[in-house]
Amino acid sequence: MMLGTVQLGVLAACIVLFVPMGMAGWHLSRNKMLFFSGALFISLAVGVHLSPYFPSITDFISSSSSSSSSFPSSHSGNDRDSCLPLLHEIYFDIEQVRSINGSLYYLKSWGWPQSGAVSDCGFQKLGRSHASDLLNGSWLVVAGDSQARLVALALLNLVLDSERMDAVRSDLFKRHSNYQIVVSDIGMKLDFIWAPFVSNLTDLMAEFKQYTSCPDVLVMGSGLWHMLHLHNASDYRISMEYLKGSIMSLMQMSPELGDDRAVSGSPPFFWLGMPMLINSMLNTEEKRERMNDAAFFAYEAELRRSKILRESGGPLLLLDIHSLTRDCGKRCTEDGIHYAAVVYNAAIQIMLNALVIESHQKL
């Protein structure tokens, strides 16, 4: 409609401008001053009448500047897609400390490099205030096995004070159970869903679709129980392909989400990778027999073949727990599967920075 109006306006302008000028030129060719004065008058008149049809310069500048502002504030040329793969480029500092009674323990911290491409992306560790602002009014679902439970704990530890966390830990770690909490001061709801097998996650997606509800942020992962109890990597890939289909169906269910947005991972859905397994530290013979490096890499290969991850065109952005636990190392675990809180704290910060990038916000 607007384009047609502008075209008609331009056509009218041409008639109003060039026809009188042609006639004036014919009759006033011997008086150039009079001819150009008339042409100037007609041009100004046409400009006044056409100006409402064109955007102002200030509007154009403001729209250009707003479209160019994106995460992060210290960004120097990298687009958001080039920053996402760099989120896991972190380092761990582990320092041996001997306590008063002579026992040895380790201080662990982590960070992003302060030079190079990672530094240019401007990743930041969000404190409680910034994390609360980012998650304000959101519904988060964390689903999976004990690794997912530790991620849920790290997230709540970031937004809750220490007094409330004491009560949360005892409730959240009730064996093989779901957990729900509402952080009323920021309007955030978190659901932890115990879902140790991929089929449990597929059922959860079907439940979301049935009730036409979709969380704002979803973090899920599965594989360790399948490796231990079923020990069939090919079957794992088939289960992952079914899960991928159910996720895509859920994304496309919402009227505000089209196919393109579903493929690009909006709303933000994350896949929680399996940790590095320290076989010698596993606490049962069955685990030591089935949960080894060969099994891990077979499952990892089938995960990639399922094409469920964003890097292969799927809907899920990887939270690479394996790379984090590998970098933190053997000193960060006591049982070869579950790692120190610093690993899951880093995973949460990676997730939050990914949310900032995906939403084109600034910190």
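# Cavities, cores and disulfides

The largest cavity holds about 40 Å³ of space. The structure is a predicted model, and it contains 2 cavities of 30 Å³ or more. Also covered below are a largest nonpolar core of 66 residues, a second, separate core of 36 residues, and 2 disulfides.

**Largest cavity**

- The residues lining the largest cavity are Asp145, Gln147, Gly221, Ser222, Gly223, Leu224, Leu272, Gly273 and Met274.
- Sorted by class, the lining of the largest cavity has 5 polar residues, 3 nonpolar residues and 1 charged residue.
- Asp145 counts as charged because Asp, Glu, Lys and Arg make up that class, and Asp145 is one of the lining residues.
- Gly221, Gly223 and Gly273 belong to the lining of the largest cavity, and they count as polar because Gly is placed in that class.

**Second largest cavity**

- The volume of the second largest cavity is about 40 Å³.
- Tyr236, Trp271, Gly273, Met274, Tyr299, Glu300 and Leu303 form the lining of the second largest cavity.
- Helix 14, which covers residues 293-305, supplies 3 residues, the largest share of the lining of the second largest cavity.
- The lining of the second largest cavity divides into 5 nonpolar residues, 1 polar residue and 1 charged residue.
- Gly273 and Met274 are listed for the largest cavity and also for the second largest cavity.

**Nonpolar cores**

- In the largest nonpolar core, with its 66 residues, Met351 and Leu352 touch the most other members.
- Helix 16, residues 341-358, gives the most to this core, contributing 13 residues.
- Leaving aside residues up to four places away in sequence, Leu352 touches Leu126, Ala131, Leu134, Leu135 and Leu158.
- A second core, separate from the largest, has 36 residues, among them Ala143, Val198, Leu250 and Met251.

**Disulfide of Cys83 and Cys121**

- Cys83 and Cys121 are joined by a disulfide, with their sulfur atoms 2.1 Å apart.
- The link of Cys83 and Cys121 is left-handed, with -95° about the S-S bond.
- Cys83 is in helix 4 (residues 80-83) and Cys121 is in helix 5 (residues 116-121), so this disulfide ties together parts that are 38 residues apart in sequence.
- Cys83 has a relative accessible area of 0%, so it is buried.
- Cys121 is buried as well, because its relative accessible area is 0%.

**Disulfide of Cys328 and Cys332**

- Cys328 is linked to Cys332 by a disulfide, and the S to S distance is 1.9 Å.
- The torsion about the S-S bond of Cys328 and Cys332 is about -65°, so this disulfide is left-handed.
- Cys328 counts as buried because its relative accessible area is 3%.
- Cys332 is buried, with 3% relative accessibility.

**Pairing, and Cys214**

- When the bonded cysteines of the protein chain are numbered in sequence order, the pairing reads 1-2, 3-4.
- Cys214 has a relative accessible area of 21% and is therefore partly exposed. A residue is called buried under 20% and exposed over 50%, with partly exposed in between.

Methods
Residues numbered from 1 in each chain as written. Predicted model: local features only at pLDDT ≥ 70, side-chain atom pairs only at ≥ 80, totals over all residues. Heavy atoms only, no water. Core = buried A, V, L, I, M, F, W, Y, C linked by side-chain atoms within 4.5 Å. Buried < 20%, exposed > 50% of the residue type's maximum accessible area, 1.4 Å probe, protein only. Helix = DSSP H or I, 4+ residues; strand = E, 2+ residues; numbered from the N terminus. Contact = heavy atoms within 4.5 Å. 1 Å grid on protein atoms, 1.4 Å probe; cavity = no way out; pocket = protein on both sides within 12 Å on 5 of 7 lines; lining within 4 Å. Points joined across faces, edges and corners; volume = space filled by probe spheres on them. Disulfide = S-S within 2.5 Å.
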